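Hi,

Here is the structure I promised to pass on to you. Have a look at it first, and then read on for what I found in it.

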Amino acid sequence: MQRETIPAFDGRPLRVFHTERSTGRRNLMLVLPFGVRHAMVERLCNALEPHFNVITWESRFVLDLQDDATDDAFDVEYHVRDLVTVAAHANDRVGHDGPIDVIGYCSGAGVGLLAAARYPDSVRRLALVCGEFMLKPSVCPPSSFQREVDVLLPVAATSKEMAGMLFDKISSGRSAPQSEFHSFISVPFSSAAHLHRYGLNYVAYRRTDFLDEAATVTQPTLVIATRSDRQVLPESARIIVAHLPDASGVHEFDGDHYELCRAQPAMTDTLLQFFGTQANRSEPVQ
């Protein structure tokens, strides 16, 4: 993918990545999880490139500490406005106007959902893949991964000193990588400073009531889950889809949390069908 740096709404530089542009293709925004490098979805972007101008960016707050000097401005709205800014820039570069298509993945699904709800003129159609919507345990039992993260990251957010202690503990007990994508998702755990900022971002994201926000999303929405997802259980997708006014059910696929990154053929075909036409929306996979 090609890289460029553009200013965010507040002047902060954003690292934007895109496939080769064509005026004859629609723009498709891919919203990544917090703290991951864009190369994690290279296979997906290659699969989508013949059909769309694919655009993504690497989120603020966690990856590039030199661009985020202060700890007092963490709010999910920053990520949402970054999406809107990147989308407008992508449209300008190919002479398009109007809303664009959005795929949100993991915590990026939450950002995409909020953009559709709060800035409806920016999003045409929305796909939510293995979304992390921070549902309360009373609403949806968490996975063991979610329980661990919900203990670890708020502690890391309390102070740099606590983050340092946790980082030392994590480093001493580090096990073998769990997937081929480890190098792309490991930056938040690469230093105490990164872990602290990741915790601050997590706490800010957790404050959002995504069920309330989902009820205001008017765009056609595709919800995708994977049956062996250890990070986000499929039950959360079934709960969020019930709150979306224009979603046709949960499309479930075999595989784990990273099937989107692998450009799993059946999942990719479902996304292409959803974004490729206004009509003939596919039925959920049972």
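Let me start with the contacts of the chain: among those between residues at least 6 apart in sequence, 78% join residues at least 24 apart. Please keep in mind that this is a predicted model. The chain holds 10 helices and 8 strands, and buried residues account for 56% of its 286 residues. Its C-alpha trace spans about 55 × 40 × 35 Å along the principal axes. The radius of gyration is 18 Å, which agrees with the value near 19 Å that a compact globule of 286 residues would have.

The sheet

The 8 strands make an open sheet with mixed pairing, and their order is β1-β2-β4-β3-β5-β6-β7-β8. At the edges are β1 (2-7) and β8 (247-253), each of which pairs on one side only. On average, and ignoring direction, neighbouring strands of this sheet are turned by 25 degrees against each other. If you want to look at one pairing in detail, try β1 with β2 (residues 13-18): the two are antiparallel and share 6 bridges. Within that pairing, I6 has L14 of β2 as its bridge partner.

Helix α10 (residues 265-276) is worth a look too. This helix lies across β3 (26-31), β4 (52-58), β5 (100-105), β6 (123-129), β7 (221-226) and β8, and it runs at about 160 degrees to β6.

Two more helices

Helix α2 covers residues 76-94, and at 1.5 Å a residue its 19 residues should span 27 Å; the end C-alpha atoms are 28 Å apart, in agreement with that. Its N-terminal end is capped by D75, which has a side-chain oxygen 2.8 Å from the backbone nitrogen of E77. After α2 comes G95, with a positive phi near 70 degrees.

Helix α4 (residues 144-158) has 15 residues and an expected span of 21 Å at 1.5 Å a residue, and the 22 Å between its end C-alpha atoms agrees. Which of its residues are buried? They are Q146, V149, L153, P154, A156 and A157. An α-helix has 3.6 residues a turn, so residues three or four places apart point the same way. The buried residues of α4 pack against α5 (160-172) and α7 (192-206).

Some buried residues

What does the side chain of E58 make a polar contact with? This residue of strand β4 counts as buried because its relative accessible area is 2%, under the 20% cut-off. Its side chain makes a polar contact with the side chain of R37 at 2.8 Å, and also reaches the backbone nitrogen of H38 at 2.8 Å. Not counting residues up to four places away in sequence, E58 touches R15, F17, V36, R37, H38 and L63.

C45 sits in helix α1 (residues 42-48) and is buried, at 0% relative accessibility. Leaving aside neighbours within four places in sequence, C45 is in contact with M1, T19, L30 and V54. The C-alpha atoms of C45 and A263 are 8.3 Å apart in space, although the two residues are 218 apart in sequence.

F210 belongs to helix α8 (residues 210-214), and with a relative accessible area of 1% this residue is buried as well. Beyond its neighbours within four places in sequence, F210 is in contact with G110, L113, L114, F133, M134, Y205 and I240. Its C-alpha atom is 18 Å from that of R125, which is 85 residues away along the chain.

Two backbone angles to check

Most residues other than glycine have a negative phi. Here are two residues with a positive one. F61, in the loop between β4 and α2, has a phi near 85 degrees. F61 is buried, at 4% relative accessibility. A263, which came up above as the distant partner in sequence of C45, has a positive phi of about 55 degrees without being a glycine. A263 lies in the loop between β8 and α10 and counts as buried at 15% relative accessibility.

Enjoy looking around, and write back with any questions.

Best wishes

How values were computed:
Residues are numbered from 1 along each chain as its sequence is written. This is a predicted model: local features need pLDDT of at least 70, side-chain atom pairs count only at pLDDT 80 or more; totals for chains, interfaces and linings use all residues. Side-chain values use heavy atoms; hydrogens and water are left out. Helices (H or I, at least four residues) and strands (E, at least two) are DSSP runs, numbered from the N terminus. The expected span of a helix is 1.5 Å times one less than its number of residues. A polar contact is a pair of N or O atoms within 3.5 Å; within protein, one must be able to donate a hydrogen and the other to accept it, and residues adjacent in sequence count only if both atoms are side-chain atoms. Two strands pair if DSSP finds at least two bridges between them. Axes are lines fitted to C-alpha atoms, for helices over the stretch in contact, and angles run from 0 to 180 degrees between N-to-C directions. Contact means heavy atoms within 4.5 Å. Buried means under 20% relative accessible area, exposed over 50%, partly exposed in between (1.4 Å probe, protein chains only). The radius of gyration is taken over C-alpha atoms; the globule rule is 2.2 Å times the number of residues to the power 0.38.
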